[in-house]
Structure formats: structure tokens, C-alpha cells
Amino acid sequence: MLRIPCPHCGLRDEPEFIFGGPSGVVRPPDTADDATWTRYLYERENPAGLHWEKWSHAYGCGQWFNVARNTLTHAILASYPLGWPRPDLQGEVA
Amino acid sequence: MSAAGPHRLPAGGLIDRNRPIQFRFDGKAYGGFAGDTLASALLANGVRSVARSFKFHRPRGVFTCGIEEPNALLRIGSGSGAIPSARAPVVELTDGLSAFTQSGWPSSGFDVGRLLDLVPALWAAGFYNKTFKWPRWHTYEGLIRRMAGLGRTPEERDPDRYEAGNRHCDVLIVGGGVAGLTAALEAGTEGLRIILAEQDTVLGGWAAWAGAEVTDSISAGRVAVLCARLRRLPNVTILTRTTAVAYYDHHVVALVERGSQSSVAAVRENLWVVRAKRVVLATGALEQPLLFDNNDRPGIFLAASARQYLRRYGVAPGRTVIVATNNDSAYATVNDLRAAGVEVTCVADTRRSVPESIRTAMRAVNVAIVPGAIPVDTSGFAALRAVTLGQVSEEGRGISGAVDYACDALLVSGGWNPALHLYAQAGGKLGFDTASGALRPVNAVAGLEIVGAANATDDSVIGSRSSPVGRTHRQWVDLLHDVTVADLELALRENFTSVEHVKRYTTLGMSADQGKTSTVAAIDTLAKLRGVHPAELGYTTQRPPVTPIALGTIAGREIGERFAPSRRLPMHDWHGSHGALFQDFGEWRRPVAYVRQGESREQAAGREAGAARTAAGIFDASPLGKFEIHGPDALEFVDRFYINNLRTLQPGRVRYGIMLRESGILFDDGTVTLLAPDHVLVSTTSGNATRVGAWMEEWRQCEWPELRVAIMPTTEQWATISVTGPEARLIVSRLDNNIDLSPDAFPHLAMREGKVLGMSARVYRISFTGELTYEINVPAEAAIRLWEALVQAGESEGIQPIGLDALMQLRLEKGFLHVGTDTDGTTIPDDVGWGKVAAAKEASYIGKRSLTLPEHVRTDRLQLVGLTGTGVGAFIAGSHLRLPDSARATDGWITSVGRLLSSGQPIALAMLRAGREQVGKEVTVHDCGNTARAEVSPASFLDPAGKKMNA
């Protein structure tokens, strides 16, 4: 079980949250070609190490927010509200 | 029977000899003392064979004195409260306890399965995977499961109580031995919040019983001092009888605390979820066995376990004892045996040179050491009678000078392996250390510290742990799963070379003990067989739980009614007192039919549906999802979710809408109502209410934060009462209300706000039955007043409450889509006849782009059609359809079934390949080998023009 710091409520247990996949997935316009659109629909990175992702504190404040997690150790390196810039985590993850 | 038992020493141990305890084993009465475990009491009474082995049904006796026990797994108690596979060394002896051998058929004494031992090839690894496959595995499964297996789970409901709770601390210390107590005192005096978990009933680990002669720092006296100082610290919580069973991310550790009483009212086990800032593992080490022929007989013990029985429980392992070891530790047992007056014939030490200090100590107690010797075989059936010791030859491959020694106990020590299950679960890596023959920690895990024997840095070199000769199919590596060295050889011969593959092929280490006394010896043996260094082999993954825990402990109090929250309709009690048959739909308990005396459920549904078609029905539709969207961009926001154009919606008007996922697949359908330009009401299906709410919220926050909207879920605040049927208007108009119900003022697909019976009401004209329908929403807490008034007002017309069965019949006749029943994870709007609407909408919406992907514009997609039966008794949902002369295995399937209320003729909805082109043609219906013909029709069987619902 992860312990996730909600930027609004503080440190809470994983069952209070819903995982929302990677953050920063840009939705193409309807004019995008099939390849671009299906990449947006189905293709996701699966990095070993730093992963930028979004979570919702569904059973708390209900807010979506951003998380930086090390997929190798499950360490949560950062959590910050939607719309905030990504923090510089150079050197935090091997 | 004397409480002392024939193997009980006259004095010594931590037992209370003034408190005798009576218990039974396989029906026979025995005596023990307070402080005994089931295993120590059985041994004191001279009970040698306590179980039959897993595959070969060989007699097995107590082997260890702890959680690692692979043999003495017994059933405690009978009936619903029986505990299967309890490990006798950790079962506290209580008055009246009744234990049973759980293997052996027909009985443990006379076990026909013993014959299997005579043909061990039958049970070689993978044998049954290769053999019992004709005609199929299930032919043999029953017999094999009866012959093999570990006990039986009670089938009745567990009467015991279990609890769960949460705890927080700065430091969690696992293990209450000297190392754990020292760590707790250190952190505790700094003022940190400490939890110390010890699985035993007493603190101190082996220092609690090993006596003071070892060294001062780990004597029982030292333990008492540590405990006294710890108990004075208010910030230190000590939990005994508590096992840390699982280590999760971020130092979340699950503890299982066993209740100390066996009374029914008491809690049998507590599950504690501990969130710690850091964790200290003081989990000690587990002694490992030696491998030689027939190393599994009752009377063979791990040496330190025998020492614990001797010193802690005052039980002698035997009268004539032989000790075999590959390291120094077993000599402490020899000392204690001699001190207790037990005869020790000799010590076989697999090392060629034994330290001088030990040789001196052994001379003092008059015990001979045979250096370079190892047991090569044993004899005796239900109890050990003799051991053959042999001298390992110079090059280590042969044996010379084998000598038989009569004895009734053989104590073995194959070195010590740190108990690092939790470290491994926390992500720690282990490495094989050749000197100690053990898996030791390799890397640091942040926030995790290992102390004491679990982090042993002792660099003394152990001797060989296996006999170089013998019959490998008689050398047991894993006692619990009956895996022999021959099984490992076979696995390698068949090219299962990775330890993980060997584990799965042989089931080594896969049983209740998770290989606590077998993994290390297996790695050692495999390395030898393959001619590689053990470190190259790696090791098998160690998963939670560290020791088996009852399913009841995981469930805790969340059983029965508390298993899942249940939601009751506002009119729940009324439904219950009017014959409602309830079923669960998601969390909601909903009436499927109101069954009258002498009626079947199907008859009741038919009667209810008939009432709705000819007069009126009243339906509790309260679970329909209801959301209020507020804000200047409310309509723009909602429009982006539906394939239907909502921007032209006028205040007071309602529009049907279909919602897609981004993939273009149907997600939900419902209605959208414009209350005011900045206030939109969204209604979803009952089953999807929560999901749609979360879906809209995610898009609002993550994709469209610029839109000025707020979403308020109000599903539970409003009760929804649907009055449907030709008499609906008449019945509703009889209630005191201020809404103009005339068809011109209040047409189909309109909504009016007003007062009904003085209550604030939102009244919709929307229909899921095909009949004239008023869907009246009023505050949930007062809704029963409206419901009863409507039932009374409609009495003269014959209004009837209708359940979901009737509603589904009514909508099927009308051909209304039921998302999730008629659609699946491949259905796009065009498949269900909404393709033109979806294509015509100019504005973008979720899923729009996906509708033109190649897969979605194919002309042979499945499409929703109706079926009518010609010579069909009844349609069966899920039946497959084939078009005439089709070359395909299937051309679709039936999704919804029922009958025309007027004629009883079977009808169905189906997804059929290019279905709309097939209308008027015949298809073949296939169901489990039966075939029938059916005619394809449009997906509506009643009033296609909608005259009735528009009335």
C-alpha cells in the first residue's frame, strides 16, 4: 500500500485514491490522423524509474493532482496540484 | 495418564507444573502444563508420529519448535470452528483442546496412501501433469485431492470473531528477542513512538529460556531488566502473540495478533495495519536441516528446537540421542542434554576439523565427536530406531566406515538462515553466502534496519549439509510438500534450471511454510547438481504472508451485512411489506417483482407489465443518477459528453443522450434537461451514476479547467417515482399540485418544476416503457407520502407497483436500449441505430474522433435488431446467431429476451452482423447444441411511432 501526500489534505493511504494514468497526455484535436489519435488512446510509456502520473483523492477532497513516482521503489518524489509545473527531479532517480 | 508424560524431565522449563492441562489428540486424552504448546505436550507424552506426509503418506513427527514447522500441521477443534493446518509448535495448550491428525485416509493409523510410498515414481515432480490427462485431469482430481492435500477447510460459517485496526508509530520493531528489545529501548528513550511485535507469548527470544550460562548480555536476567525498563516507557507499545505477516510499500506492515483465550466471545485474531516511519527487523534466524536418506522420520528434530523443548518445556527429545551438525551451534544442545541427564551417543560433525574449544567442552560432558561424519540413512517406521553414520571421503564424494547406532532421537543442524522474509518483501535483495550457507541481505532498504541474528555477520564456515551418497528419492528437501532431491534432479533433467521454474515444477517451498526449512538446502543442492556457485542461482520470491493467516482475519468485521454497504430505496419498507422480491443491483437493493400468493416471479412480472400497458404502474426509479451542473458554461460542458446536440435545448425541455468513452464505445445513456441557461440537469443510468459523476469531474478538472462549471451529485437527495401507463395523467392530476399536466402545456420530453402534495417537485415526461409516463422527483425523505398517495389515487384504475422485471419487459417490447445489456465493450452508436445523430453533430464531443477509425466504419459490424420466434419455445440470452450460408462461427448473439405481452410470442433483441440489412430474413439460433430458426425484425415490437408515450 502506498502512502500518498495529497497536496490539499496531506499524507493518506492509497485506498483513498484513484490512479489516473500518466499525466501530461495531450488530447489531439479531432483533425488528428488515425495514427496520432490511436497513440493518444492506447499507447502509454511504462518507464522503469521516474513516472509522472495523476491521481484523484476520490474518497477525500475529490481533487485530481500530479504525482512523480519512482516505479522501481514506489517512492513518491513529488505531489503537486494540477496546472503546476513539474518540479526538477534531476538526480532524484537513478 | 500422568500430566508429566514419559518424556517430561522432573524439573526445569518455563511451564507451570502446578497448573495441569487436559487435552486430546485424535480422541485420546493426554496431560500437559500451562505454558506448554501442543507440540511440547505431545512430545512430553511420547507421541512421535503426528501426521502423514503430503504425497507419500509417510509418518511424520514434530520437527521444529516454531513457525517454520513443516510436519506437525494439525486440525484444532471440530465443526465450524475447526482450525485446519495449525502448526503444533505455536499452538498454546489450553484445557479441553482437541487436536486431530488431518492427513491419512481412511484414518491416520491405517492409511492406504502409505502404499504410494512403495512406488515413489508415481509422485515424482510433474508426474501427474504428464499422466493424469486422459481423458482429462478432472477425472482424477477428486481422488488425488483426497489422497494428497493439507487438511480441510470447515464448510460452515466461521463462528470466531476477528477485528482489524490501524496503528501509527515512528519505529516498528519486529521481533522481541534481545536485539529487538535493545533496539526498542534505544529508540524508546529518545521519545519516539514505538511498536514492538513479538510472535511468541514471551519476550526475550531464546534468551528467555536458554539459561544464564551463555553470556551476561543475553541472559534471561538481562531480558527481565530490558522488559522492565521498556514497560516504564509510555511511548512503547509491546504486542506479544503478534506476527508481522506482510511488508508493503512505504513501511506499511500488517500484524496479526492472536487472542490469548479460546473463549467464543474473545477475538481470535486482530489484524493491525501499522504505518511506521521506519522499521527494525529483529526477526532472528531459522535453523536448517541436513539431507540424507530417510531424513524425515519421527524423532528427527532440528537441534536448537530440541534444545528449546528441553529448556523451555522440560521435555527430552529422546532417551538415546545422536546429534549431527555442520556448525558450532548444535553443541549448546549437547551441553543442555547432558546437563539434563540425557544420553548423547555421539556428535557427527560434517566438518573435518572441529574447534578446540568445542572439543574441550565435549570432553567435559563425556560426548564423543566424530569429525567428517554425516548420517547416511535411518531406520524405524512410526518412530526412529537407528541412524547410520558414515565418514565422508577425502574428496567429499563417497562414504566409508558406515556404522549403525541405535537411538530414538536424531538432532540435526545444517546452519542458520536469517529470517528475512519481510526484508525481501520490502524490496531487499538476498545473496547466497557460501561460508554460512545462508541467504543474507545484500542492499540497504531506506528506512529499514536489520539487527541481531537476522543480520548475522558471523563468518565461521559451515560444513557440508548433505550426504554424498544414497537414494535421492529418499532424501527430503521439502518435508511439507514431500519434495525430494530426486525431484530436483528430474526438474533439471527436464531443463527446468531456474530456481523459480524448479520451485513450480516440484512445488518446492510452495506450501504453508514457504520453504522456511527447505529453500536454502534446495539452492545448495541445485547448485551442486548443476555444478555452479549457489550465488548464481538466485532465490525464489518471498511473498506475503510470512506465516499463514486465517481468511477470517483478513475479512475482519467486514462480513455478512458489513461486507459491502447496501443502499435502500426511499420506499424500501413499503416495497418489503407489499411482497417485493429484492435483488442487489450494484449497492442498491431493488424490487424485481411484487409477488402475490401463488404467483411465480415471471407471472408477477407479466401481471405488473400488463397493468402498465392497460392502466398504470408505479415504479421506484430513485437510483437513477442525478447531477446538477451549474455555471455559465454548464450547457457547453454537458454538450461535450453526448453524441446528441444539446446546444439547441430550450429551458424546460429534456433530451435523450448517449455518452461515449474516448474510444467511441458506448458508456451510458440518459437525459439532459435545461433548467436555466446556467443550470443543467443530467440523468444517468442507475448502474453508472457513480462512474459518470467521476468521469465528468475528471474532465472538468484535468482537461477543461477553463470551463466555469460545478458538478453536484444529487442522486440520493431526490426520490424518483415513475407513474406509467394510459391512466398516468388522470392519476397524477388527482393529487394536489400546481403543474398544468395537459398534453399541450406539458408534452413528452419536457420537465416542470412545481409543488406536488406541497412538496418541491421536478416532474419529467420521459418514458422507458413506451407508455405515457410522469417521472416525479421529490425530496427523498418525504417521498413515501407521495408514493402512497399515488397508489391510493390510482386504486380505481388498478395501478400496480412494478418491479425491474416488468420494466425490462416493457422496454424490450418497445425496443429501448439497455446499456450494458444490449451493448458491450465494442458497441459504437451506429451499432444501435444512433450513427446518423452522432455523425450529424458538428461540435466536438468525447469519443467523436474514434467513430471514424477503420474498425468503426466496417460494414460488417454487429447491429441491434429484433428477433421473433418461429417455432422457438423461448429465446435464451447469449445464444449465438448465424446468417444463412455463413462461413463464420458466429454472426452475433441474443442480448435481451422476453415475450409480447399481448400474444406471449417470444421476442428478443440481438446484435447481428450487418443486422439492419437482415430485417425480414431468417437466422439460425444456437444454444448449447440446440438450434432453432428466428426472423429478424426492427428493434421495436410495439408502437414504433410512439403514439402512446407522446399522448
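Strands β38 (residues 718-724) and β41 (residues 773-779) of chain B run antiparallel and are joined by seven bridges. B:Ala719 stands opposite B:Val778 of β41(B). The model is predicted. The points below cover the sheet around this pair, a second strand pair, an enclosed helix, the salt bridges and the contact between chain A and chain B.

**The six-stranded sheet of chain B**

- β38 and β41 belong to an open sheet of six strands in chain B.
- The strand order is β39-β40-β41-β38-β32-β42, with mixed pairing.
- β39 (751-756) and β42 (800-801) of chain B are the edge strands. Each of these two pairs on one side only.
- In a regular strand, side chains alternate between the two faces of the sheet.

**The β45-β46 hairpin of chain B**

- Strand β45 (residues 892-899) of chain B pairs with β46(B) in the antiparallel sense, over seven bridges.
- B:Trp893 has B:Met911 of β46(B) as its bridge partner.
- Six residues lie between the two strands of this hairpin. There, B:Gly904 takes a positive phi near 80°.

**Helix α6 of chain B**

- Helix α6 (residues 303-313) of chain B has 11 residues, and nine of them are buried, so the helix is largely enclosed by the rest of the structure.
- The buried residues are B:Ala303, B:Ser305, B:Ala306, B:Arg307, B:Gln308, B:Tyr309, B:Leu310, B:Arg312 and B:Tyr313.
- The cover over these buried residues includes the chain B helices α1 (38-44) and α7 (330-339). It also includes the chain B strands β14 (285-287), β15 (300-302) and β22 (409-413).
- B:Gly314 comes just after α6(B) and takes a positive phi of about 65°.

**Salt bridges within chain B**

- Over all chains, the whole structure holds 56 salt bridges.
- Side chains of opposite charge can pair when their charged atoms come close.
- B:Glu771 and B:Arg613 form a salt bridge, with their closest N and O atoms 2.9 Å apart. B:Glu771 sits in the loop between β40 (759-764) and β41 of chain B, and B:Arg613 in helix α16 (residues 601-614) of chain B, so the pair ties together parts 158 residues apart in sequence.
- Both partners fall under the 20% cut-off for buried. B:Glu771 counts as buried because its relative accessibility is 2%. B:Arg613 is buried too, at a relative accessible area of 10%.
- B:Asp377 and B:Arg471 meet through their side chains in a salt bridge of 3.8 Å, N to O. This pair links distant parts of the chain, 94 residues apart. B:Asp377 lies in strand β19 (residues 373-379) of chain B, and B:Arg471 in the loop between β26 (448-450) and β27 (476-478) of chain B.
- B:Asp377 counts as partly exposed, at 22% relative accessibility. B:Arg471 is also partly exposed, at 39%.
- The side chains of B:Arg916 and B:Asp830 form a salt bridge at 3.1 Å, N to O. Here the distant parts of the chain are 86 residues apart. B:Arg916 is in the loop between β46 (906-913) and β47 (922-927) of chain B, and B:Asp830 in the loop between α21 (804-814) and α22 (835-840) of chain B.
- B:Arg916 counts as partly exposed, at 38% relative accessibility. B:Asp830 is partly exposed, with a relative accessible area of 31%.
- A network of salt bridges links B:Asp831, B:Glu855, B:Arg858, B:Asp860, B:Arg861 and B:Arg888.

**The contact between chain A and chain B**

- Chain A brings 24 residues to the contact, and chain B brings 25.
- The size of an interface is often given as the accessible area lost when the parts come together. Between chain A and chain B, the buried area is about 2,000 Å². Carbon and sulfur atoms give 47% of it.
- Four salt bridges are counted between the two chains. One of the interchain pairs is A:Asp13 with B:Arg275, at 2.3 Å, N to O.
- The interface also shows 14 residue pairs in polar contact, both residues at pLDDT 80 or more.
- Helix α1 (residues 34-42) of chain A gives the most to the side of chain A that touches chain B, with six residues.
- That side of chain A divides into 12 nonpolar, five polar and seven charged residues.

Conventions
Residues numbered from 1 in each chain as written. Chains lettered and ligands numbered in written order. Predicted model: local features only at pLDDT ≥ 70, side-chain atom pairs only at ≥ 80, totals over all residues. Heavy atoms only, no water. Buried < 20%, exposed > 50% of the residue type's maximum accessible area, 1.4 Å probe, protein only. Helix = DSSP H or I, 4+ residues; strand = E, 2+ residues; numbered from the N terminus. Contact = heavy atoms within 4.5 Å. Buried area = accessible area lost by both parts, 1.4 Å probe. Polar contact = N/O pair within 3.5 Å; in protein donor to acceptor, adjacent residues only side chain to side chain. Nonpolar A, V, L, I, M, F, W, Y, C, P; charged D, E, K, R; others polar. Pairing = 2+ DSSP bridges.
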